[in-house]
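Okay, thanks for having me, everyone. Could you pull the structure up on the screen, so we can walk through it together?

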Amino acid sequence: MTLNTTAETETAKIARGLRERDMELLSDLVERDQHRLVRYLVYLTWSRDYAEDLAQETWVRVLQRGSQYNGRQGFDPWLFAIARNLAIDYLRIKRNAVGTASLPDDHDAVLLLPSSGLSPFEAAARSEDALRLAGELQILSPLYREALLLRFQEDLSLAEIAQVLGAPVTTVTSRIYRGLAALRSAFEEGGDSHGV
């Protein structure tokens with residue numbers, strides 16, 4: 001119970017600091033969350049340069065819209081939702097700039113853009129299994145990849161992921177389950193006796 005009170009106190013402190021445009025608080029948040037934010041954005045955009053630009057824009061939006069954060073829910077889902085929306089806008093512009101058909105209004109469809117280059121998982125991989133996992137994650141549907149990333153890499157709860165994605169918890173659960181099943185199937189087809 002003390003842990004929840006501590007978390008509530010922290011979120012209330014963040015909400016108050018953002019309303020007051022406390023630059024020291026913002027600096028602390030950037031220091032705490034910048035690596036995770038960039039990693040998430042690289043994963044969505046497949047570009048380190050664009051991810052870093054989008055991360056900066058995310059912090060600008062956090063400062064501009066700080067009064068909208070009420071502190072009743074975790075800060076991380078709110079932050080990742082802002083970053084995700086910026087990435088969706090970036091991907092929509094990128095797709096339109098290369099002359100492809102415009103995207104449907106469904107934000108999730110934007111994440112279906114094909115990826116190129118090394119994924120963050122591949123870049124960070126240090127073993128054969130990690131490289132294989134990175135490769136398998138890259139070929140997963142972006143909807144499943146994002147749900148798995150938020151759950152297992154960013155350690156967000158199902159409710160927090162639902163908040164980031166703007167989807168019901170049941171949809172998040174389904175995406176995680178299907179993503180894990182696809183990974184397991186890919187590993188089994190690859191002859192891995194350990195499975196996922």
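So, let's go straight to helix α2, residues 23–45, and helix α3, residues 48–64: these two pack at an angle of about 140°, with their axes 8 Å apart. And a quick reminder that what you're looking at is a predicted model. If you're wondering about those two numbers, packed helices are described by the angle between their axes and the distance between the axes.

What do we call the arrangement of α2 and α3, then? Angles over 145 degrees would count as roughly antiparallel, and this pair is at about 140°, so α2 and α3 are oblique to each other. Their crossing is right-handed.

Now, who actually touches whom? On the α2 side you've got M23, L26, L29, V30, D33, Q34, L37, V38, L41, V42 and T45. Facing them from α3 are R48, Y50, A51, E52, L54, A55, T58, W59, V62 and L63. Sort that contact by class and you get 15 nonpolar, 3 polar and 3 charged residues. When you read lists like these, keep in mind that an α-helix has 3.6 residues a turn, so residues three or four places apart point the same way.

Let's stay on α2 but turn to another partner, helix α8, residues 142–153. Here the angle is about 165°, and the axes are 11 Å apart. That angle is over the 145 degree cut-off, so α2 and α8 are roughly antiparallel to each other. This crossing is right-handed too, as α2 passes α8. From α2, the residues involved are R39, Y40, Y43 and L44, and from α8 they're R145, E146, L149, L150 and Q153. By class, that's 5 nonpolar, 1 polar and 3 charged residues.

Okay, zooming in on α8 itself. Which of its residues are buried? The list is P142, L143, R145, E146, A147, L148, L149 and L150.

Let me pick two of those. Take R145, which sits in helix α8. Is R145 buried or exposed? Buried: its relative accessible area is 5%, and the cut-off for buried is under 20%. Setting aside residues up to four places away in sequence, R145 touches Y43, W46, L137, Q138, I139 and L140. You've met Y43 already, by the way, as one of the α2 residues in the contact with α8. Also have a look at I176: that residue is 31 positions from R145 along the chain, yet the C-alpha atoms of the two are separated by 8.3 Å.

The other one is L143, also in helix α8. L143 has a relative accessible area of 19%, so it counts as buried. And there's a similar sort of pairing here: L143 and V172 are 29 residues apart along the chain, with 9.4 Å between their C-alpha atoms.

Right, loops. Most residues other than glycine have a negative phi. So here are a couple of residues to look at with that in mind. What comes after α8? D155 follows that helix, and its phi is positive, near 60°. D155 lies in the loop between α8 and α9, the helix at 158–165. At 59% relative accessibility, D155 counts as exposed.

R21 is another non-glycine residue with a positive phi, near 55°. You'll find R21 in the loop between α1, which is 2–19, and α2. With a relative accessible area of 46%, R21 is partly exposed.

One more residue, over in helix α4, residues 75–97: that's D76. D76 is buried, with a relative accessible area of 18%. What does the side chain of D76 make a polar contact with? The side chain of R36, at 3.0 Å. Leaving out neighbours within four places in sequence, D76 is in contact with R32, D33, R36 and L156. And D33 is a residue we saw earlier, in the α2 list facing α3.

Let's zoom out to finish. The chain has 10 helices and 0 strands, so from the N terminus on you just read α-α-α-α-α-α-α-α-α-α. There are 196 residues in the chain, and 42% of them are buried. Among contacts with a separation of 6 or more, 59% are between residues 24 or more positions apart. That's my tour, thanks!

Terms used. Residues numbered from 1 in each chain as written. Predicted model: local features only at pLDDT ≥ 70, side-chain atom pairs only at ≥ 80, totals over all residues. Heavy atoms only, no water. Helix = DSSP H or I, 4+ residues; strand = E, 2+ residues; numbered from the N terminus. Buried < 20%, exposed > 50% of the residue type's maximum accessible area, 1.4 Å probe, protein only. Polar contact = N/O pair within 3.5 Å; in protein donor to acceptor, adjacent residues only side chain to side chain. Contact = heavy atoms within 4.5 Å. Axes fitted to C-alpha atoms, helices over the stretch in contact; angles between N-to-C directions. Parallel < 35°, antiparallel > 145°, perpendicular 65-115°, else oblique. Left-handed = near helix turned anticlockwise from the far one by under 90°. Nonpolar A, V, L, I, M, F, W, Y, C, P; charged D, E, K, R; others polar.
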